[in-house]
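Biologist: I should be grateful for a close look at a single part of this model, namely one helix together with its packing partners and its ligand surroundings. Please set it out as one connected account.

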Amino acid sequence: MSESLFDPIKIGIVSISDRASTGVYEDKGLPALQEWLTKALHNPITFEPRLIPDEKERISATLIELVHVGCSLVLTTGGTGPALRDVTPEATLAVADKEMPGFGEQMRQISLKFVPTAILSRQVAVIRGQSLIINLPGQPKSIAETLEGLKDAEGKAVVHGIFAAVPYCVDLIGGPYMETRDEVCKAFRPKTAIRPAR
Ligand SMILES: Nc1ncnc2c1ncn2[C@@H]1O[C@H](COP(=O)(O)OP(=O)(O)OP(=O)(O)O)[C@@H](O)[C@H]1O
Ligand SMILES: Nc1nc2c(c(=O)[nH]1)N[C@H]1C(S)=C(S)[C@@H](COP(=O)(O)O)O[C@H]1N2
């Protein structure tokens with residue numbers, strides 16, 4: 001039996017949308033998350049997908065459950081805006097051990113390169129236990145935009161995507177060693193934290 005050279009990782013993906021969760025439209029959030037992560041990571045991934053409405057208690061309970069089942073990373077999409085039903089940041093902060101404000105700041109910087117309404121996303125990131133939880137906006141195309149950032153015609157980063165900082169963050173909370181495909185997203189680690197090739 002061939003064994004992967006890469007650490008396995010469990011990743012929670014959560015699509016938060018009243019309309020997608022009730023079938024008014026087809027959910028495109030979970031497929032977009034799954035597709036991008038599969039493309040970006042060498043690690044074998046077990047996905048824990050959840051499609052839920054914009055309800056604060058339900059969102060918090062889902063995040064708690066995903067951390068409990070061993071997800072080292074949880075990505076949510078949707079519910080970060082100013083609409084009355086948008087409560088994803090509040091539900092995420094409610095389960096936080098630590099807030100990681102840099103992720104939200106960087107995502108708004110990236111998204112401003114795509115849409116002027118980027119400032120309407122109140123997205124946050126937090127640590128709970130040994131898991132990093134990050135909110136992404138709900139527009140399915142914003143998933144790749146925020147994770148990957150923006151590149152010029154030669155493929156050079158104009159603005160770094162937030163995923164570049166995710167593997168080292170997961171190292172620091174005791175999670176698996178995540179290895180990215182450089183052509184999708186080049187992860188950054190300090191030299192002392194880079195594991196020699198096996
Ligand atoms: N999970 C999703 N799947 C497909 N498209 C989505 C999804 N979430 C958002 N969108 C698209 O992005 C647009 C703007 O996002 P918005 O936050 O209004 O959607 P939403 O959160 O699904 O709405 P609601 O929860 O009120 O039903 C939507 O009109 C839709 O076209
Ligand atoms: N990269 C990116 N970020 C984006 C957008 C987008 O299309 N692309 N849409 C913005 C808009 S219009 C809103 S209202 C907020 C919040 O979206 P949400 O409530 O669906 O999470 O995200 C913003 N951030």
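**Helix 6 and its surroundings**

Modeller: In this predicted model, helix 5 (residues 101–112) packs against helix 6 at an angle of about 115°, and the two axes are 9 Å apart. Angles of 65 to 115 degrees count as roughly perpendicular, so helix 5 is placed in that class relative to helix 6. The crossing of helix 5 past helix 6 is right-handed. On the helix 5 side, the contact is formed by Met107, Ile110 and Ser111, and on the helix 6 side by Ser142, Glu145 and Thr146. By class, this contact of helix 5 with helix 6 comprises two nonpolar residues, three polar and one charged.

A second partner of helix 6 is helix 2. Helix 2 (residues 29–40) and helix 6 (residues 140–148) pack at about 30°, with 8 Å between their axes. Since angles under 35 degrees count as roughly parallel, helix 2 and helix 6 are therefore described in that way. Helix 2, too, passes helix 6 in a crossing that is right-handed. Here Gly29, Ala32, Leu33 and Trp36 of helix 2 meet Pro140, Ile143, Ala144 and Leu147 of helix 6. The class composition of this contact of helix 2 with helix 6 is seven nonpolar residues, one polar and no charged.

Helix 6 also takes part in a ligand environment. Of the elements around ligand 2, helix 6 contributes the most to the shell, with three residues. The shell numbers 18 residues, and those closest to ligand 2 are Thr80, Gly81, Ser111, Gly138 and Ser142. Ser111 and Ser142 appear in this closest group and also in the contact of helix 5 with helix 6. By class, the shell around ligand 2 holds five nonpolar, 11 polar and two charged residues.

Helix 2 leads on to the other ligand. Gly29, a member of the contact of helix 2 with helix 6, is listed with Ser17, Asp18, Arg19 and Lys28 as coming nearest to ligand 1, which has 17 residues around it. The most to that shell is given by helix 1 (residues 18–21), with three residues. The shell around ligand 1 divides into three nonpolar, eight polar and six charged residues.

As for the wider setting, an unreviewed UniProt entry lists residues 12–157 as "domain: MoaB/Mog". In the model, this span is 38% helix and 23% strand, and its end C-alpha atoms lie 27 Å apart.

Definitions and conventions. Residues numbered from 1 in each chain as written. Chains lettered and ligands numbered in written order. Predicted model: local features only at pLDDT ≥ 70, side-chain atom pairs only at ≥ 80, totals over all residues. Near = placed C-beta within 6 Å. Helix = DSSP H or I, 4+ residues; strand = E, 2+ residues; numbered from the N terminus. Nonpolar A, V, L, I, M, F, W, Y, C, P; charged D, E, K, R; others polar. Axes fitted to C-alpha atoms, helices over the stretch in contact; angles between N-to-C directions. Parallel < 35°, antiparallel > 145°, perpendicular 65-115°, else oblique. Left-handed = near helix turned anticlockwise from the far one by under 90°. Contact = placed C-beta atoms within 7 Å. UniProt positions renumbered as here; feature names shortened; annotations may be inferred.
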